[in-house]
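Q: Could you zoom in on one part of this chain and walk me through it slowly? I'd like to know where it sits, what it touches and what it pairs with.

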Amino acid sequence: MDKITLHIWVVSDNDKLFGELQKCRTIEGVTYDFHKVSTAWEIGHIEGTFDNLIISDKLNQLMPFYNQRGTSLIFIGTSNELCKFTKVPPGNLLEIWDREAPIIFRSSRLYHAASNHLALYRAWLYNNYLMSVIDTMQDLVWFKDKAGLHWLVNNKFEDTVQKTRSQIYGMGHNYIWDVPPEEQDTAEFKCLESEREVMKSKETVVADEMVQNAKGMRHFITYKSPLYDRSGQIMGTVGIGHDVTDMNNTSQELKILMDNLPMAVAVCDADWKVTQVNNSFTNIFDVALTKDITIDYLEWREANLTPVNERIYDEESRSYRQEVYFTSDGSEMVFSLSEHEIVDFFGNITGYYCLFWDITDSSDFTA
C-alpha cells in the first residue's frame with residue numbers, strides 16, 4: 001500500500017537518453033514503468049491519474065500537461081529557453097536538466113525525481129491514515145503548538161465547538177470555545193497550564209477538565225501527550241477529550257430514580273465492588289459511599305446478612321435469588337434479595353444490581 005508505480009514518459013527522439021534513463025537505480029517502494037514516445041499525443045489521456053513523470057527536450061511537448069495534477073514535468077534545456085516560452089513556469093515543473101550535461105548524470109536526477117514522487121505519495125497516505133483514524137473517533141482530538149494554538153482537529157471536535165477546521169486553525173482556546181468575556185482569563189490560563197505540565201513532564205497526563213463555552217459547562221476526561229519535532233525537541237501537544245457531561249447527567253438522573261424506589265438498591269461492578277447505592281440502602285444498612293471508601297459487596301453480604309434459604313441462580317433472568325435477614329439495633333428485617341447480572345452487547349458480565357424487597361411483615365421466619 002505504501003508503494004507506487006512511476007509512469008515515466010520520455011518525449012524525445014534521443015534513443016541514447018532513453019537507454020541511460022532506464023539504468024536509473026531502483027528505490028524501495030517505487031516500480032518504474034518506462035515509455036518512449038516522439039510526441040505528446042502518443043501519451044494519451046492521463047488526466048485524473050497519478051505518479052506520471054514526463055521528460056522532454058521539447059517544450060511544446062510538455063504544454064498539454066502544464067499544471068496537471070498527479071503529473072510532474074522535467075524539461076531538458078535551459079531556464080532561458082523556458083522563460084522565452086512562458087513568463088510563468090507551470091506549477092508541476094519539477095526540474096530543468098542542463099541540455100549540455102552528460103546524459104549519464106540524468107539517471108541520477110531521475111532517481112531524485114522518483115524519490116520526490118514517493119515522498120509526496122507517502123505524505124498523502126499517512127495523512128489519509130491519520131485523518132481517517134481521528135475522524136472515526138467519537139472523542140475530541142486536537143493538535144496544538146507550544147503556544148497553545150490549534151493546528152488540527154477531528155470531526156467530533158468541529159461538531160462540538162460548531163466551527164470548521166479552517167476557522168480553528170491557528171486559534172486559541174477562548175475563541176474556539178466561545179468563552180464569555182468574564183471567564184476568558186481563567187479559562188485560557190487553565191488550558192495553557194495543563195499544556196505546560198505535559199511539555200514539562202514529557203509524559204501523557206490524564207485529567208478531569210471543565211470547559212466553559214457559550215452553551216454552558218462541559219466535563220471532559222482528557223489525555224494529553226507531548227509532540228516532538230525531527231530534532232527531538234517538543235513542538236506541541238496532542239490531546240484526546242472524552243466528553244462525560246451527558247454521562248454525568250445520566251448518572252445523576254439514575255441516582256434520582258434509584259432514590260425514589262421503594263426498596264434498597266446497590267449497584268456493583270464486574271468484581272462485585274459497590275459503585276452506587278440509593279438512600280433506602282444507606283438508611284437501612286447504614287452504608288455510605290465516599291471517594292475514599294470502597295465496599296466489597298460479597299464480603300459485606302457475608303458479614304451482615306444471614307441466609308434464610310439457599311441462594312439459587314435463575315438462568316432466564318440471569319439473577320441470583322435468596323431470602324436473607326438483617327439485624328440492626330435489636331430489630332430484625334427479612335428481605336427477598338435479587339442479584340441481577342448486567343451484561344453488555346456480547347453477553348459479558350459488566351456488573352450487578354442488587355434489589356432488597358422488605359418482606360418482614362409477610363414472612364413467617366423467626367430468628
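A: First, a bit of vocabulary: a helix here is a DSSP run of H or I with at least four residues, and helices are numbered from the N terminus. Keep in mind too that this is a predicted model.

Let's take helix 4, which covers residues 106–136. How far apart should its ends be? The expected span is 1.5 Å times one less than the number of residues. For the 31 residues of helix 4 that comes to 45 Å, and the C-alpha atoms at its two ends are indeed 45 Å apart, so the expected and modelled spans agree.

Next, which residues of helix 4 are tucked away? The cut-off we need is that buried means under 20% relative accessible area, while exposed means over 50% and partly exposed is in between. By that rule, the buried residues of helix 4 are R106, S107, L110, Y111, A113, A114, H117, L118, Y121, L125, M131 and I134. Here's a handy bit of background for reading that list: an α-helix has 3.6 residues a turn, so residues three or four places apart point the same way. Try it on the list, stepping from L110 to A114 to L118, which are all among the buried residues.

Now for residues of helix 4 that aren't buried. Y126 lies in this helix, and it counts as partly exposed because its relative accessibility is 42%. Together with M1 and Y129, Y126 makes a nonpolar surface patch of about 360 Å².

What about charges? In general, side chains of opposite charge can pair when their charged atoms come close. The whole structure has 16 salt bridges, and we can look at a few that involve helix 4.

Start with R122 and D2, a salt bridge whose closest N and O atoms are 3.6 Å apart. This pair links distant parts of the chain: R122 is in helix 4, D2 is in the segment before strand 1 (4–11), and they are 120 residues apart. R122 is partly exposed because its relative accessible area is 24%, and D2 also falls in the partly exposed range, at 28%.

Then there's E95 with R109, a salt bridge of 2.4 Å from N to O. Again distant parts of the chain are linked, with E95 in strand 5 (residues 93–98), R109 in helix 4, and their positions 14 residues apart in sequence. The two partners don't get the same label: E95 is buried, at 17% relative accessible area, whereas R109 is partly exposed, at 34%.

The next pair is R165 and D135, with their closest N and O atoms 2.6 Å apart. R165 lies in helix 6 (residues 165–168) and D135 in helix 4, so this salt bridge ties together parts that are 30 residues apart in sequence. Both ends are partly exposed: R165 has a relative accessible area of 25%, and D135 has 23%.

Finally, let's go back to two buried residues of helix 4, A113 and H117, and see who touches them.

A113 is one of the residues that I74 touches. I74 is in strand 4 (residues 71–77), and it counts as buried because its relative accessibility is 0%. The contacts of I74 also include L94, E95 and W97. That brings back E95, the salt-bridge partner of R109. I74 also touches I55, and although these two are 19 residues apart in sequence, their C-alpha atoms are 4.8 Å apart in space.

H117, for its part, is touched by N52. N52 lies in strand 3 (residues 52–56), and it is buried because its relative accessible area is 2%. Other residues touching N52 include H7, W9, I46 and G70. The side chain of N52 also has a polar contact of 2.8 Å with the side chain of T49.

One last stop is D51, in the loop between strand 2 (30–37) and strand 3. D51 counts as buried because its relative accessibility is 15%. Its phi is near 60°, a positive value in a residue other than glycine. For comparison, most residues other than glycine have a negative phi.

Technical notes. Residues numbered from 1 in each chain as written. Predicted model: local features only at pLDDT ≥ 70, side-chain atom pairs only at ≥ 80, totals over all residues. Heavy atoms only, no water. Buried < 20%, exposed > 50% of the residue type's maximum accessible area, 1.4 Å probe, protein only. Polar contact = N/O pair within 3.5 Å; in protein donor to acceptor, adjacent residues only side chain to side chain. Contact = heavy atoms within 4.5 Å. Patch = residues over 30% accessible without salt bridge, like charges linked within 9 Å, V, L, I, M, F, W, Y side chains within 5 Å. Areas by Shrake-Rupley, 256 points an atom, 1.4 Å probe, with all protein chains shown as cover. Salt bridge = Lys/Arg side-chain N within 4 Å of Asp/Glu carboxyl O.
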